[in-house]
Amino acid sequence: MPASGATAKGAFSTVPSKEDPYTYQVGFGNRFASEALPGVLPNAQNNPQKVKYDLYTEGITGSSFVAPRNENLSTYIYRIRPSVAHQGFTRLPDNPDIESCFLPLNPKVHISPTQLAWRPFDIPENSQKVDFVDGIKTIAGNGDPSLREGLAIHIYLANTSMDKKAFVNSDGDMLILPQQGRLDIQTEFGKLMVRPGELVVIQRGIKFKVLLPDGPSRGYIQEIFGSHYQLPELGPLGGHGLANPRDFEHPVASFDIDQSPWSIIYKVAGQFHSCSQEHTPFDVVAWHGNYVPYKYCMEKFVFVGSISKDHIDPSIFCVLTAKSKATGVPLADFLIFSERWDVGDHTFRPPYYHRNSSSEFMGHIYGVYDGRSDDFQPGGASFETGFCPHGVSYDVFKAASEAPLGPMKVHESTLVFMFESSMMLSITDYAINRSGKLHCEFLSERIRENA
């Protein structure tokens, strides 16, 4: 693969642009190989006695050693200094806005039987420097990372780039969705530029830092503790549709030479620890494997739906899924709702009123989305616990019940997402009491008034 900064013209890598200057390898679940200097990757083995340029071999495993081949995740990296060359760990003070234990015995989380909604969360003023890690605030979750089962939903509110500081989440994989401002993410495997409308997944145990090329940034994070994201099965769709594997983009090797002090922040079982070292963590010259961060442009999603009548279950909007320990029951599904045609005839086109076994958390990236709270705006959120009755607003219900039906575009220039989980979620004290954004304009009140 080409070195960092090179223009890739092959069928298996992308071409840089003004908005995204980086090159990517394409495909989901592939085993990739990349080197920033030619001839570094060893031939026919992983750990030679001596690596070219006196580099160090370092292995990263993202699964059990004996996991089935299709679930076995690992990568070999070849770096200037090994990660073990550090000066020890120091426990950092707890961030009161971050939670990891979502069991009801934790007095800092709450159970909500009803719908909740939040107006857009405020980005800190520039007088207070807050980077990506410091700006993470937990909204909801389930389980505990020490149990290797569960998830957390966060927002991030940042106004400054990380400098000589990297982050490692030892608890779970992070699916990050910028809503305002691009994220320039440097990882051990290379660099990714992620804009609103794209997602990025950074797996458990991988070091990264976040720069803010457009200034203050806001977005959403889903963290899964005991699983990894996969593409959903397509069933009767066959071999293509929804999120196609070739549209997922992985970085190419890129390294820095930097022997100055760095701080690596580790999140372990919800606790934060600082690890000091005298060299950059981004000194990987080459790597190969399938445990690699990736991004995906959600505008490339291939929507499917009814071309006759009735509303199909939301599984047709699933971009990524993550297994739970129960067979056939997802820990988390990531779904999107965006511009598409609606053509069903003699039918109620919006989602019918429903009570699902799943918990639903929705966020708004851009555009206008009818049917939720009047204050469901980009940067805001809504939540329904399992079996809580919910559906569209009365205005949307009335219009959909009476309007003449013809082919029409819905959700034009709009992108909304849902984190759906089979688990019951608890809500954090920050989300309920300290965010200042929780509001009580519940749809049920307006529907009751007009019923």
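**Entry 1: His-311**

I began with the place of His-311, which is in the loop between strand E22 (294-297) and strand E23 (318-323). I kept in mind that this is a predicted model. I had a reason for picking this residue: UniProt, in an unreviewed entry, places the feature "active site" at His-311.

Is His-311 buried or exposed? I found that His-311 is partly exposed, because its relative accessible area of 26% falls between the cut-offs of 20% and 50%.

Next I looked for its contacts, leaving aside neighbours within four places in sequence. I noted Arg-349, Pro-350, Pro-351 and Tyr-352. With Arg-349 I could add a distance: its backbone oxygen lies 3.2 Å from a polar atom of the His-311 side chain.

**Entry 2: Asn-72**

I then moved to another loop residue. Asn-72 lies in the loop between strand E3 (56-61) and strand E4 (74-79). I read a relative accessible area of 17% for Asn-72, so I wrote it down as buried, since buried means under 20%.

Which backbone oxygen does the Asn-72 side chain reach at 3.1 Å? I traced that one to Phe-65. I also found the backbone oxygen of Ala-67, 3.2 Å from a polar atom of the side chain of Asn-72.

I listed what else Asn-72 touches, not counting residues up to four places away in sequence. Besides Phe-65 and Ala-67, I have Arg-31, Ser-63, Ser-64, Val-66 and Asn-290 in my notes.

**Entry 3: strand E19 and its partners**

Today I followed strand E19, residues 262-268. I found this strand mostly covered, with five of its seven residues buried.

I looked at its pairing next. Strand E10 (residues 165-169) runs parallel to E19, and five bridges join the two. As one example, I picked Ala-166, whose bridge partner in E19 is Ile-264.

With strand E20 (residues 271-277), E19 pairs in the antiparallel sense, over seven bridges. Here I saw Val-268 opposite Gln-271 of E20. E19 and E20 form a hairpin with two residues between the strands, and there I noted that Ala-269 takes a positive phi near 55°.

**Entry 4: the eight-stranded sheet**

I wrote out the strand order of an open sheet of eight strands with antiparallel pairing: E17-E23-E24-E27-E25-E26-E7-E29. Which strands stand at the edges? I found strand E17 (229-230) and strand E29 (438-439) there; each has a single partner strand, so one side of each is left without a neighbour in the sheet.

Within this sheet I checked one pair in detail. Strand E25 (residues 359-366) and strand E27 (residues 408-421) are antiparallel, with seven bridges between them. I marked His-364, which stands opposite Val-416 in E27. A handy reminder for reading such strands: in a regular strand the side chains alternate between the two faces of the sheet.

**Entry 5: nonpolar cores**

Which residues touch the most other members of the largest nonpolar core? In that core of 46 residues, I noted Trp-118, Leu-177, Leu-199, Leu-320 and Phe-334. I also found a second, separate core of 37 residues, which includes Tyr-22, Tyr-24, Ile-98 and Ala-158.

**Entry 6: salt bridges**

How many salt bridges are there? My count comes to 24. The background is simple: side chains of opposite charge can pair when their charged atoms come close.

I looked up Asp-54 and Lys-50 to begin with; their closest N and O atoms are 2.6 Å apart. Asp-54 has a relative accessible area of 47%, so I put it down as partly exposed. Lys-50, at 63%, is exposed.

Lys-164 and Asp-258 also meet in a salt bridge, at 2.6 Å from N to O. I saw that this pair links distant parts of the chain, 94 residues apart: Lys-164 is in the loop between strand E9 (149-158) and E10, and Asp-258 is in the loop between strand E18 (248-251) and E19. Lys-164 is partly exposed at 32%, whereas Asp-258 is buried at 15%.

My last pair was Glu-198 and Lys-295, whose side chains meet at 3.2 Å, N to O. Glu-198 sits in strand E14 (residues 198-202) and Lys-295 in strand E22, with their positions 97 residues apart in the chain. I noted both Glu-198 and Lys-295 as buried. They belong to one network, in which salt bridges that share partners join Asp-20, Glu-198, Glu-249 and Lys-295.

Conventions. Residues numbered from 1 in each chain as written. Predicted model: local features only at pLDDT ≥ 70, side-chain atom pairs only at ≥ 80, totals over all residues. Heavy atoms only, no water. Buried < 20%, exposed > 50% of the residue type's maximum accessible area, 1.4 Å probe, protein only. Helix = DSSP H or I, 4+ residues; strand = E, 2+ residues; numbered from the N terminus. Pairing = 2+ DSSP bridges. Core = buried A, V, L, I, M, F, W, Y, C linked by side-chain atoms within 4.5 Å. UniProt positions renumbered as here; feature names shortened; annotations may be inferred. Contact = heavy atoms within 4.5 Å. Polar contact = N/O pair within 3.5 Å; in protein donor to acceptor, adjacent residues only side chain to side chain. Salt bridge = Lys/Arg side-chain N within 4 Å of Asp/Glu carboxyl O.
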